[in-house]
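Please open the model in your viewer and keep the selection panel at hand. The stops below are meant to be taken in order, with one selection at each.

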Amino acid sequence: MIYLKTDAEIDLMRPAGELAGELLDMIEAHIKPGVTTLELNDIVHSFTIKRGGISAPLNYRGYPKSMCTSINDVVCHGIPSAKAKLKEGDIINIDVTPILGGYHGDSSRTFTVGMVPEKTKKLIEVTKECLYLGIAEVKEGARVGDIGHAIQKYAEAQGFSVVRDFVGHGIGKVFHEDPQIFHYGEKGRGLRLETGMVFTIEPMINEGNYRTKVLKDGWTALTIDGSLSAQFEHTLAIRSDWTVEILTYSPAEKKKLGLTPLAQA
Ligand code: MF3
Ligand code: CO
Ligand code: CO
């Protein structure tokens with residue numbers, strides 16, 4: 001069942017979204033060779049608590065940490081660990097989901113550790129562009145397939161592949177709810193978008209094969225062929241006037257983009 005949100009409820013989700021963006025802005029300075037993903041986890045956890053929030057991933061369906069840290073060929077759901085030390089040339093996706101005022105804000109970005117090859121930079125840039133191409137499809141009359149098609153078309157034209165095993169999702173008081181947002185698909189197919197929908201778009205793009213496998217820990221998803229994978233995620237809301245608001249921009253990003261706190265379209 002899709003739980004449609006009123007504009008007032010979307011307003012209530014904004015603080016959680018902004019905190020997600022702020023956490024990602026904040027953690028960037030800590031990403032360097034030698035730091036462990038557990039240290040990054042603890043920094044995000046403390047910052048969240050200090051703001052009066054809760055880390056949604058912690059204990060979610062048995063997940064043991066406060067965020068996901070997915071290095072290199074980890075597609076998503078990498079578990080922070082004292083054994084995972086970042087090294088020059090790595091890429092890492094940090095996925096945070098604070099709960100604030102009872103609502104979830106879910107966002108992720110892929111960062112580089114020191115210098116990385118040009119092809120890796122391209123994978124990251126293409127993945128980020130895929131997210132924004134997907135967001136651009138969110139408009140009156142559009143369907144879920146339009147989002148997926150735009151992402152898949154661009155990713156594949158650039159020589160990369162789209163992960164099928166994980167999708168974007170509705171979000172609100174619940175972490176993962178309907179609808180499912182596929183990052184591949186056909187134009188004009190699938191569920192029609194409606195005002196009041198709040199959902200994530202979170203494409204995972206691989207350098208090689210799109211297939212994934214999950215480690216025995218039950219969480220860590222890897223590319224089947226060991227190739228690199230990147231991901232970016234935003235939570236967005238469709239207001240009653242069809243304004244599409246990206247809820248997980250940080251206050252600093254909004255300022256830089258010249259967005260007023262409320263209307264962003
Ligand atoms: N934040 C992830 C998402 O984008 C979900 C992580 S579930 C967890 O949907 F349990 F691994 F945290
Ligand atoms: Co998500
Ligand atoms: Co997420």
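This tour of a predicted model goes from one metal site to the other and then to the ligand beside them.

**First stop: ligand 2.** Select the cobalt ion (ligand 2) and display its protein donors, which are Asp106 (OD), His169 (NE2), Glu202 (OE) and Glu233 (OE), at 2.0 to 2.2 Å. If you draw the angles among the six donor atoms, you will find that they run from 52 to 162 degrees, and the site is classed as irregular. Along the sequence, the donor residues of this cobalt ion (ligand 2) follow the spacing D-x62-H-x32-E-x30-E. Histidine 169 sits in strand E9 (residues 168-170), whereas glutamate 233 belongs to the loop between strand E15 (229-231) and strand E16 (234-238), so this pair ties together parts that are 64 residues apart in sequence. Colour these two residues by accessibility, and histidine 169 comes out as buried, with a relative accessible area of 5%, while glutamate 233 is likewise buried, with a value of 1%.

**Second stop: ligand 3.** Now keep aspartate 106 selected, since this residue bridges the cobalt ion (ligand 2) and the cobalt ion (ligand 3), which lie 3.3 Å apart. Around the cobalt ion (ligand 3), the protein donors are two OD entries of Asp95, together with Asp106 (OD) and Glu233 (OE), at 2.1 to 2.3 Å. The site of ligand 3 is also irregular, with angles of 59 to 168 degrees among its six donor atoms. Its donor residues are spaced D-x10-D-x126-E in sequence. Here the pair to highlight is aspartate 95, in strand E4 (residues 91-96), and glutamate 233, in the loop between E15 and E16, which links distant parts of the chain, 138 residues apart. Both aspartate 95 and glutamate 233 are buried.

**Third stop: ligand 1.** Which residues are the closest to ligand 1? Select the 14 residues that surround ligand 1, and the closest prove to be Asp106, His169, His176, Glu202 and Glu233. Three distances to oxygen atoms of this ligand can then be drawn in turn. A polar side-chain atom of aspartate 106 lies 3.1 Å from an oxygen atom of ligand 1; for histidine 169, the distance from a side-chain N or O atom to a ligand oxygen is 3.0 Å; and for glutamate 233, the corresponding distance is 3.0 Å. To finish, show the surface of ligand 1, which exposes 340 Å² when taken alone, and of which the protein buries 97%.

Notes
Residues numbered from 1 in each chain as written. Chains lettered and ligands numbered in written order. Predicted model: local features only at pLDDT ≥ 70, side-chain atom pairs only at ≥ 80, totals over all residues. Heavy atoms only, no water. Donors = N, O, S within 2.8 Å, 3.2 Å for Na, K, Ca; no water. Tetrahedral: all angles 85-135°; square planar, octahedral: opposite > 155°, others 65-115°. Helix = DSSP H or I, 4+ residues; strand = E, 2+ residues; numbered from the N terminus. Buried < 20%, exposed > 50% of the residue type's maximum accessible area, 1.4 Å probe, protein only. Near = heavy atom within 4 Å. Polar contact = N/O pair within 3.5 Å; in protein donor to acceptor, adjacent residues only side chain to side chain. Areas by Shrake-Rupley, 256 points an atom, 1.4 Å probe, with all protein chains shown as cover.
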